[in-house]
Amino acid sequence: MATRTKILAVALLGIVAALSIREAHISAQDFPVVVGRIEGDDLQVVTTTPSGIETDAAPTVVASGSEVTLRSGRALLLLNAGGEISICGPAHFELVKSSGAVTLALDYGRVHPSLESSDAFTIYTPTIVATPIAISGGLRDMTVGLEQSGEMCVLTARGAMRVEPQFSDQSMIVPQGGTVSLSGGQIDSLQADASACSCDFPRAHMETPRPVPSPHSQADRDYGALASLAPPLPPQRKRNENTPPPSASSSEPVYTVLMPPLSFNANSPEPPPAPAPETILLVREVRLRPSVVFRGHVNPAPSPEATPPATPAARAPSDDRPPESSPTLLDRVRTFFRRLTSSSPGPCAGVGCNG
């Protein structure tokens, strides 16, 4: 009798264990697929699970079918498939993933998906359906903003975007770098303000500082403290006032504008009048080039050869007079006329002649 009781108890325990394992397996299969992880301020994520409705604050996971409400500020959703979605509040949307395709049902707010994978991604709004298009398999980066009043903006940074109204068969493709504003599902302007439609998550607090290895000695600690500081600036050399400014190239003229000084009056609401053009003088400085340019070199003049002075032995011992110089042309002419006038035709005869 005791043996039968033990066998029955073991059988009942086995049945209970099998049922619990089956229920756990079914609940694991029914749990929604996790799409990514979200963080931000003033954020609420509502997810429907087999055990009930879970309401979590950031940071938390976002599963398929989760409703995300961003009351204010900004949030960042990191996708498991690769990429991210920046969210600017106030915003409210629902995320659904099925067969690898992700659908974002946007009620209001601005979302900025940056997708790295080639999985299908679609943004649904009450009026239009927006589908990002990759160009040459590159990154898809775009922003869709929807106000609670119904005004909408589309900004494409990388890739294109197909915009299809839900109540019309027509579609439009926004090219890369384009901006479009819509109102009530109709195109309002093709040149919307890009700054009013942008949405980026600040990443300053997400970057963790690099760990510095702990030095062992005091010298290493001092060196590490100095290395962590900013590099020293080079000393600034004081400019000498007497140093002339660098001269401009001689091939280009130098222009100088001379005009009266500008004035400003803080008490006057009107701006000061601009200077009259007649009072502005434009001075052009040029370099005068000579008309004749000599190129070459000049040889020095040859030095005259010095004649050696005469030695005393070369002179006549009886002649102490200085050497006579050679007669000049004037002396020769004078001597010629003197000889001509002093000559007579014959011997002198008469009273005045000497015998």
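The questions and answers below go through a predicted model, from its confidence values to some of its residues.

Reader: What is the mean pLDDT of the chain, and where does the pLDDT fall below 50 over a stretch that has seven contacts beyond near neighbours in sequence?

Author: Across the chain, 68% of the residues reach a pLDDT of 70 or more, and the mean is 75. The stretch in question, for which the model has seven contacts beyond near neighbours in sequence, has a pLDDT below 50 and covers residues 204-219.

Reader: How many contacts beyond four places in sequence does the model have for residues 221-231?

Author: Over residues 221-231 the pLDDT stays under 50. Beyond four places in sequence, the number of contacts that the model has for this stretch is two.

Reader: Is Leu77 buried or exposed?

Author: Leu77 sits in strand S6, which runs over residues 74-79. Once its neighbours within four places in sequence are left aside, Leu77 is in contact with several residues, including Ile38, Val62, Ile85 and Leu95. Its relative accessibility is 0%, and because a residue under 20% is classed as buried, Leu77 counts as buried.

Reader: Which parts does the salt bridge between Asp42 and Arg71 tie together, and how many residues apart in sequence are they?

Author: A search of the whole structure finds one salt bridge, in which the side chains of Asp42 and Arg71 meet at 3.2 Å, N to O. Asp42 lies in the loop between strands S1 and S2, whereas Arg71 lies in the loop between strands S5 and S6, so the pair ties together parts whose separation in sequence is 29 residues.

Reader: Why do Asp42 and Arg71 count as partly exposed?

Author: The partly exposed class lies between the limits of 20% and 50% relative accessible area. Arg71 belongs to this class because its value is 46%, and Asp42 belongs to it because its value is 36%.

Reader: Which strand holds Thr143, and what is its relative accessible area?

Author: Thr143 has its place in strand S11, residues 140-146. Among its contacts, leaving aside neighbours within four places in sequence, are Val111, His112, Cys153 and Cys199. Thr143 is buried, with a relative accessible area of 3%.

Reader: What accessible area do the residues of the nonpolar surface patch have together?

Author: One member of the patch, Tyr255, lies in strand S17 and is partly exposed, with a relative accessible area of 48%. Tyr255 forms the patch with Val257, Met259, Leu262, Ile280 and Leu282, and their accessible area together is about 630 Å².

Terms used: Residues are numbered from 1 along each chain as its sequence is written. This is a predicted model: local features need pLDDT of at least 70, side-chain atom pairs count only at pLDDT 80 or more; totals for chains, interfaces and linings use all residues. Side-chain values use heavy atoms; hydrogens and water are left out. pLDDT is the predictor's confidence in each residue, from 0 to 100. Contact means heavy atoms within 4.5 Å. Patches are made of residues with over 30% relative accessible area and no salt bridge: like charges are joined within 9 Å, nonpolar side chains (Val, Leu, Ile, Met, Phe, Trp, Tyr) within 5 Å. Accessible areas come from the Shrake-Rupley method with a 1.4 Å probe; for residues, only the protein chains shown count as cover. A salt bridge is a side-chain nitrogen of Lys or Arg within 4 Å of a carboxyl oxygen of Asp or Glu. Helices (H or I, at least four residues) and strands (E, at least two) are DSSP runs, numbered from the N terminus. Buried means under 20% relative accessible area, exposed over 50%, partly exposed in between (1.4 Å probe, protein chains only).
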